[in-house]
Every structure is written in structure tokens, then in C-alpha cells.
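The following exercises ask the reader to work through a protein model step by step. Please keep the sequence and the structure in view while attempting each task.

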Amino acid sequence: MAKEELLTMEGFIEEILPDGRFAVLLDNEHKIIAYTAGKMRKFRIRSVVGDRVHVEMTPYDLSKGRIVFREKTPGQAGGPPRRRSGFRR
């Protein structure tokens, strides 16, 4: 296995931990600690408890991972935040 090959798993965010980390319960019932990827931080993609996520892990340490994708869940508000219509400078 090459160094660049990563394992991609799916799971649910179970708990929010300090320093931008999350406890993720994978589909195979393993619990890992994961952090958000740089692109998710850059575009301010927020993750909350119960979100379904994709996690990349290295085969060398299967207890830690990086959240690379958050699936859209039904009922979430989409699009940019609403602006106040009556605001003037």
C-alpha cells in the first residue's frame, strides 16, 4: 500500500470535542476522533451532532481521521443567510 492511499469511511458525528475535533461513530461501529479538513474550514462548513460525514483515515492509525465531506440532511436551510431588508447606512 502506497503512502498516499487513504481509507474513506462513513459515519455519524456523535459528540463535539474541544479544539475543533469530533467523536465520529463509523458504520462499522468503531468510534474515532476526527477533525475538519482545511477546505471545510475555509468555506465555513459547520458540522453538528447527528450529521452524516465521510472520514479519511491513514492505514497506520485507525483511531484518528479527517472529515472531508458532510452530507446534506433534509430540513436544513440552504443558501446564503438572509439580509435585513430595512437596513440603511
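**Exercise 1. The second largest pocket**

Determine which strands and which helix each supply at least two residues of the lining of the second largest pocket, then describe that lining.

*Solution.* In this predicted model, the elements that each supply at least two lining residues are strand S1 (7-17), strand S2 (21-26) and helix H1 (38-42). The next step is to list the lining: Ile-16, Leu-17, Gly-20, Arg-21, Phe-22, Thr-36, Met-40, Arg-41, Arg-44, Ile-45, Arg-46 and Ser-47. Sorted by class, these residues comprise five nonpolar, three polar and four charged ones. The volume of the pocket is about 160 Å³.

**Exercise 2. A threonine in the pocket lining**

Establish whether Thr-36 is buried or exposed, and identify the side chain with which Thr-36 forms a polar contact.

*Solution.* Begin with the location: Thr-36 belongs to strand S3, which covers residues 31-36. Its relative accessibility is 11%, and the limit for a buried residue is under 20%, so Thr-36 counts as buried. For the polar contact, the partner is the side chain of Arg-41, at 3.2 Å. Both Thr-36 and Arg-41 appear in the lining of the second largest pocket. Finally, when neighbours within four places in sequence are set aside, the contacts of Thr-36 are Gly-20, Phe-22, Arg-41, Arg-66 and Ile-67.

**Exercise 3. From Arg-66 to Thr-8**

Find the surroundings of Arg-66, and state how far apart the C-alpha atoms of Arg-66 and Thr-8 are.

*Solution.* Arg-66 is placed in strand S5, residues 64-70. Because its relative accessibility of 27% falls between the limits of 20% and 50%, Arg-66 counts as partly exposed. Its side chain makes a polar contact of 2.6 Å with the side chain of Glu-56. Beyond the neighbours within four places in sequence, Arg-66 is in contact with Leu-6, Ala-34, Tyr-35, Thr-36, Ala-37, His-54, Val-55 and Glu-56.

Turning to the distance, 58 residues along the chain separate Arg-66 from Thr-8, and their C-alpha atoms are 9.5 Å apart. Thr-8 itself is found in strand S1 and, at 49% relative accessibility, counts as partly exposed. Gly-65 gives a further pair with Thr-8: these two residues are 57 apart in sequence, with a C-alpha to C-alpha separation of 9.3 Å. With neighbours within four places left aside, Thr-8 is in contact with Val-55 and Glu-56.

**Exercise 4. Two buried residues in contact**

Compare the settings of Arg-52 and Gly-11: in which strand does each residue lie?

*Solution.* Arg-52 lies in strand S4, residues 52-57, whereas Gly-11 lies in strand S1. Arg-52 has a relative accessible area of 19% and is therefore buried, the limit being under 20%. Gly-11, at 0% relative accessibility, also counts as buried.

Next, consider the contacts outside four places in sequence. Arg-52 touches Glu-10, Gly-11, Phe-12, Asp-27, Phe-69, Arg-70 and Glu-71. In addition, a polar contact of 2.8 Å links the side chains of Arg-52 and Asp-27. Gly-11 is in contact with Val-24, Leu-25, Leu-26, Asp-27, Asp-51, Arg-52 and Val-53. Asp-27 thus appears in the contacts of Arg-52 and in those of Gly-11. A separate distance concerns Gly-11 and Lys-31, which are 20 residues apart in sequence and 9.2 Å apart from C-alpha to C-alpha.

**Exercise 5. Positive phi values in loops**

Locate Glu-29 and Arg-44, and state the phi value of each.

*Solution.* Most residues other than glycine have a negative phi. Glu-29, however, has a positive phi near 70°, and Arg-44 has one of about 55°. Glu-29 sits in the loop between S2 and S3, while Arg-44 sits in the loop between H1 and S4. Glu-29 is exposed, with a relative accessible area of 62%; Arg-44, at 65%, likewise counts as exposed.

**Exercise 6. The chain as a whole**

Which pattern of strands and helix does the protein chain follow along the sequence?

*Solution.* The chain contains one helix and five strands, in the order β-β-β-α-β-β. Of its 89 residues, 22% are buried. Among contacts between residues at least 6 apart in sequence, 51% join residues at least 24 apart. The chain exposes about 7300 Å², of which carbon and sulfur atoms supply 53%.

Key
Residues are numbered from 1 along each chain as its sequence is written. This is a predicted model: local features need pLDDT of at least 70, side-chain atom pairs count only at pLDDT 80 or more; totals for chains, interfaces and linings use all residues. Side-chain values use heavy atoms; hydrogens and water are left out. On a 1 Å grid over the protein atoms alone, a cavity is a set of points where a 1.4 Å probe fits but cannot get out, and a pocket is an open set with protein on both sides within 12 Å along at least five of seven lines; lining residues have an atom within 4 Å of a point. Grid points are joined across faces, edges and corners, and a volume is the space filled by probe spheres set on the points. Helices (H or I, at least four residues) and strands (E, at least two) are DSSP runs, numbered from the N terminus. Ala, Val, Leu, Ile, Met, Phe, Trp, Tyr, Cys and Pro count as nonpolar, Asp, Glu, Lys and Arg as charged, and the others, Gly among them, as polar. Buried means under 20% relative accessible area, exposed over 50%, partly exposed in between (1.4 Å probe, protein chains only). A polar contact is a pair of N or O atoms within 3.5 Å; within protein, one must be able to donate a hydrogen and the other to accept it, and residues adjacent in sequence count only if both atoms are side-chain atoms. Contact means heavy atoms within 4.5 Å. Accessible areas come from the Shrake-Rupley method with a 1.4 Å probe; for residues, only the protein chains shown count as cover.
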